[in-house]
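I opened the model to look up its surface charge and the burial of selected side chains. My entries follow.

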Amino acid sequence: MTINEIREYAKERGLPEKRTELLISELHPDNNGKLDTIEAMQAVNTINYIVATRENTRTLLEAVKRDRNQNNK
C-alpha cells in the first residue's frame with residue numbers, strides 16, 4: 001500500500017484531512033512511497049479505529065441529548 005492509497009482510504013472513510021496528514025507524518029514509506037505490509041495494516045486499522053470512535057461518540061451524544069429532551073418534557 002502506498003501513502004496515496006492511505007490518503008484515499010482515509011478520505012473514503014471520512015477522516016479529516018488534518019488527521020490524515022498527522023497519521024501519514026508518522027509512517028515510514030520507502031523511496032517510492034510504499035509502506036511495508038505491517039505498517040500499512042496499522043495505518044488502515046488506525047483510520048478504522050478513529051472513524052469508529054467518532055461514530056460511537058456521536059451516537060452516544062445523540063442518545064444523551066434525546067434522553068435529556070424527553071426528561072425535560
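I looked first for a positive surface patch and found one formed by Lys18, Arg19, Arg54 and Arg58. Patch residues have over 30% relative accessible area and no salt bridge, and like charges are joined within 9 Å. A salt bridge is a side-chain nitrogen of Lys or Arg within 4 Å of a carboxyl oxygen of Asp or Glu. I took the place of a charge as NZ of Lys or CZ of Arg. Accessible areas come from the Shrake-Rupley method with a 1.4 Å probe.

This is a predicted model: I used local features at pLDDT of at least 70 and side-chain atom pairs at pLDDT 80 or more, while totals for chains, interfaces and linings use all residues. Residues are numbered from 1 along each chain, and side-chain values use heavy atoms, without hydrogens and water.

I noted that helix 2 (17-25) and helix 3 (37-71) each supply at least two residues of the positive patch. Helices are DSSP runs (H or I, at least four residues), numbered from the N terminus.

In helix 2 I compared Arg19 and Thr20. Arg19 counts as partly exposed because its relative accessibility is 44%, whereas Thr20 counts as buried at 5%. Buried means under 20% relative accessible area, exposed over 50%, and partly exposed in between. Leaving out residues up to four places away in sequence, I found that Thr20 touches Arg7, Ala10 and Leu15; contact means heavy atoms within 4.5 Å.

I then turned to Arg66 in helix 3. Arg66 is exposed, with a relative accessible area of 53%. Arg66 and Glu5 lie 61 residues apart in sequence and 39 Å apart in space, C-alpha to C-alpha.

Terms used
Patch = residues over 30% accessible without salt bridge, like charges linked within 9 Å, V, L, I, M, F, W, Y side chains within 5 Å. Lys, Arg positive; Asp, Glu negative; His and termini not counted. Buried < 20%, exposed > 50% of the residue type's maximum accessible area, 1.4 Å probe, protein only.
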